[in-house]
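Student: Could we go through this protein together, one question at a time?
Tutor: Gladly! Let's look at it first.

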Amino acid sequence: MGHIQGIYKILEARQGAMVDYTIHCPQIAQQARAGQFVHIRVPGFTLRRPISICEVDKEKGTLRILFDIRGEGTRELAKAKAGDEIDVMGPLGNGFDLLEKDKKAVVVGGGIGVPPMLETAKHYGANATAVLGFRTKDLAVLQEDFQANGCNVMLCTDDGSAGHHGLVTDMLKERIAQGPVDIVYACGPKIMLKFVAKMCRENNIRCQVSLEERMGCGVGACLVCACKTKKEDGGETYSHVCKNGPVFEAEKVVFDE
């Protein structure tokens, strides 16, 4: 189905390590899947801001999004309060391929790549392990949300202020050694995705990655978010992260550019 664009009300607005909005947008929520994103218009700015979907509640008709303030556009967007209305377009992109709920899944998120992993992990509940990486404990988000959905959480920080002092790949290696893993989902910095994909390939585990790229149109009409991918014949081509992704099979992504 095609995407929807409309003006929707913010039901909840929370400020913490990230800006956290719950938006009442029933039409979009009905179509939304884990791993997709929405494109939000910020008054005074030409380009919309792409933000990953964190949670979907189809019964309540809501979407939850979390985002960092990374520039003037997101700084302006962060000023919105509960009761305000915003222009949302979505759901956009291809989401994660969710397997049967009894499969063993690991979601790996780094920084702003953590929010889109929540809806994915919720599908598996207690069969999911969430490996979450942040620079420091003050930037950590959603740990309790993952735990509330029955997921085992393995927290990592670059500075050792909380959880494991080190990389998410350290914890992923530990989890793989503990027992069967049917699939790994990952979102975060490209260097992180590269090594997560490598570890999964070495252990013969299916891996899907969600790429983070700057976007213009959000629907594949411009070339801003092009990324290099592999073709069926072994050659290379360029794909649009917004339209062909943001989720790709890890084996299809060319990380060494």
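**Salt bridges, a pocket and a core**

Tutor: The side chains of Lys198 and Glu202 meet in a salt bridge, 2.6 Å from N to O; a salt bridge is a side-chain nitrogen of Lys or Arg within 4 Å of a carboxyl oxygen of Asp or Glu. Before we go on, this is a predicted model, where local features need pLDDT of at least 70 and side-chain atom pairs count only at pLDDT 80 or more, while totals for chains, interfaces and linings use all residues. Residues are numbered from 1 along each chain as its sequence is written, and side-chain values use heavy atoms, with hydrogens and water left out.

Student: About how many helical turns separate Lys198 and Glu202?
Tutor: Both residues sit in helix H6, residues 190–202; helices (H or I, at least four residues) and strands (E, at least two) are DSSP runs, numbered from the N terminus. Lys198 and Glu202 are four residues apart, so the separation is about one helical turn.

Student: Is Glu202 buried or exposed?
Tutor: Buried means under 20% relative accessible area, exposed over 50%, and partly exposed in between, using a 1.4 Å probe and protein chains only. Lys198 has 36% relative accessibility and counts as partly exposed. Glu202 has 55%, so Glu202 counts as exposed.

Student: Which residue forms a salt bridge with Glu55?
Tutor: Side chains of opposite charge can pair when their charged atoms come close. Glu55 and its partner are both buried. Their closest N and O atoms are 2.8 Å apart, and the partner is Arg64.

Student: How many residues apart are Arg206 and Glu249?
Tutor: The side chains of Arg206 and Glu249 meet in a salt bridge of 2.7 Å, N to O. This pair links distant parts of the chain, with Arg206 in strand E13 (residues 206–210) and Glu249 in strand E16 (residues 247–249). Arg206 is partly exposed at 31%, and Glu249 is partly exposed at 24%. Along the sequence, their separation is 43 residues.

Student: How many salt bridges does a search of the whole structure find?
Tutor: We have looked at three pairs, among them Glu55 with Arg64. Searching the whole structure gives a total of 13.

Student: Which element gives the most to the lining of the second largest pocket?
Tutor: A pocket is found on a 1 Å grid over the protein atoms alone, as an open set of points where a 1.4 Å probe fits, with protein on both sides within 12 Å along at least five of seven lines; lining residues have an atom within 4 Å of a point. Strand E9 (128–134), helix H5 (168–178) and H6 each supply at least two lining residues. With three residues, the top contributor is H6.

Student: Which element gives the largest share of the largest nonpolar core?
Tutor: A nonpolar core is a set of buried Ala, Val, Leu, Ile, Met, Phe, Trp, Tyr and Cys residues joined through side-chain atoms within 4.5 Å. The largest one has 28 residues, and those touching the most other members include Val108, Val184 and Val196. Among the elements that give two or more residues are strand E8 (105–110), H5 and E13. The largest share, six residues, comes from H6.

Student: How far apart in space are Gln15 and Lys79?
Tutor: Gln15 lies in strand E1, residues 4–15, and counts as exposed at 54% relative accessibility. In sequence, Gln15 and Lys79 are 64 residues apart. In space, C-alpha to C-alpha, the distance is 9.8 Å.
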